Amino acid sequence: MQAITSFTYHTKIRDVFSEMSQVVVGQDRLLNRLLIGLFTGGHILLEGVPGLAKTLTINTLAKVLELDFQRIQFTPDLLPADLIGTMIFNQKTSEFEVKQGPIFANLILADEVNRSPAKVQAALLEAMQEKQVTIGEETFVLDRPFLVLATQNPVEQEGTYPLPEAQVDRFMMKVFVDYLSREDELAVMRRMSNMNFDYEVQPVLGKDDLVAIRDEINGITISETLEKYIIELVFATRKPMDYNLRDEARYIQYGVSPRASINLNLAAKALAYFDRRDYVLPEDIKEVAPDVFNHRIMLNYEAEADGVTTLQVIESILRKVAIGR
């Protein structure tokens with residue numbers, strides 16, 4: 001495999017974090033995961049209570065990276081045509097013309113994606129998978145990079161349409177956005193209570209830079225031992241009894257899909273790149289495994305009755321499955 005000899009964009013990536021910090025406080029982990037998805041072509045599902053700056057973070061990131069941004073508020077009355085576009089009749093030419101929808105952008109924020117019915121969710125997820133949409137008889141390839149960041153509100157479940165497990169699997173990672181620390185919340189309060197605060201971020205990277213960064217990440221090496229470790233982690237979720245995971249086997253209904261091993265490999269390479277390394281460490285895999293696995297493992301009713309969470313099961317697997325097994 002080809003090794004990285006220089007980290008051309010490492011300084012600029014640090015500049016992205018620095019520029020973002022002028023507007024967004026205390027969301028470095030969220031930004032890290034968004035950049036992993038952007039640089040490796042993976043979509044991100046965000047879950048957290050309202051008011052944690054999810055929309056602000058994504059909007060600001062689009063400005064820093066000079067990408068086209070569209071925010072789509074998913075509601076029960078949204079139609080697929082409101083998302084991808086439709087055919088309209090032009091009275092001057094007496095012909096039908098294509099009116100493209102908001103999905104034709106680089107960064108898509110699908111806000112509260114579980115508030116729209118299955119047809120709209122399917123239209124979004126098809127675009128995510130195929131990187132193209134069909135309107136009428138015409139097919140349009142979406143601009144690159146194309147990244148969907150979908151949010152879910154875990155507090156309100158009434159009147160929602162949960163994403164089917166098979167479709168959730170198309171997201172590279174599911175990231176839980178937690179409350180800020182006391183220090184960060186104090187900084188946010190001071191900044192946002194100043195009604196004159198209006199910081200304009202400066203662009204740091206462009207579309208061509210993102211392609212070059214993707215190529216550099218693609219050159220990160222991962223040893224055969226760690227490749228096999230990823231596979232062992234994946235199979236431990238599917239056949240936990242083979243790994244003497246008796247407690248975990250009681251709670252797991254279905255393990256992760258093949259997409260998990262692919263995405264875990266890519267995410268670990270991106271983490272190594274951020275740390276200015278041209279090789280992956282076991283710590284890289286362990287750090288991103290919860291984000292890659294947590295929406296792919298299905299627990300049974302017994303787990304719910306015992307108050308066992310998916311993250312607890314993943315942490316147990318990471319603790320018990322040895323490298324080089």
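These legends describe close-up views of a predicted model.

**View 1. The largest pocket and its centre.**
The largest pocket holds about 960 Å³ of space. Its lining counts 29 residues. Closest to the pocket centre are Glu165, Lys174, Asn294, Ile297 and Thr310. By class, the lining of this pocket divides into 14 nonpolar, eleven polar and four charged residues.

**View 2. Helices and strands around the largest pocket.**
Six elements each give at least two residues to the lining of the largest pocket. Three of them are strands: S1 (44-47), S9 (173-176) and S11 (298-299). The others are helices: H6 (165-168), H13 (301-305) and H14 (310-320). H13 supplies the largest share of the lining, three residues.

**View 3. The five-stranded sheet.**
The sheet is open, and its strands follow the order S2-S5-S8-S1-S9. Their pairing is parallel. Strand S2 (69-73) and S9 are the edge strands. Each has a single partner strand, so one side of each lacks a neighbour in the sheet. From one strand to the next, the twist averages 20°. Edge strand S9 also belongs to the elements that supply at least two residues to the lining of the largest pocket.

**View 4. Pairing of S1 with S8.**
S1 and strand S8 (residues 147-152) run parallel and are joined by four bridges. One residue pair to look for is Leu45 with Ala150: Ala150, in S8, is the bridge partner of Leu45. In the sheet order, S1 sits between S8 and S9. S1 also supplies at least two residues to the lining of the largest pocket.

**View 5. The cavity at H1 and H2.**
How many cavities of 30 Å³ or more does a search of the whole structure find? The search finds one. The largest cavity holds about 40 Å³ of space. Its lining consists of Phe17, Met20, Ser21, Val24, Gln27, Asp28 and Leu31. Helix H1 (10-20) and helix H2 (28-40) each contribute at least two of the lining residues. Four lining residues of this cavity are nonpolar, two are polar and one is charged.

**View 6. Packing of H2 against H3.**
H2 packs with helix H3 (residues 54-64) at an angle of about 50°. The axes of H2 and H3 lie 11 Å apart. H2 and H3 are therefore oblique to each other. Their crossing is right-handed. H2 is also one of the helices that supply at least two residues to the lining of the largest cavity.

Conventions
Residues numbered from 1 in each chain as written. Predicted model: local features only at pLDDT ≥ 70, side-chain atom pairs only at ≥ 80, totals over all residues. Heavy atoms only, no water. 1 Å grid on protein atoms, 1.4 Å probe; cavity = no way out; pocket = protein on both sides within 12 Å on 5 of 7 lines; lining within 4 Å. Points joined across faces, edges and corners; volume = space filled by probe spheres on them. Nonpolar A, V, L, I, M, F, W, Y, C, P; charged D, E, K, R; others polar. Pairing = 2+ DSSP bridges. Axes fitted to C-alpha atoms, helices over the stretch in contact; angles between N-to-C directions. Parallel < 35°, antiparallel > 145°, perpendicular 65-115°, else oblique. Left-handed = near helix turned anticlockwise from the far one by under 90°.
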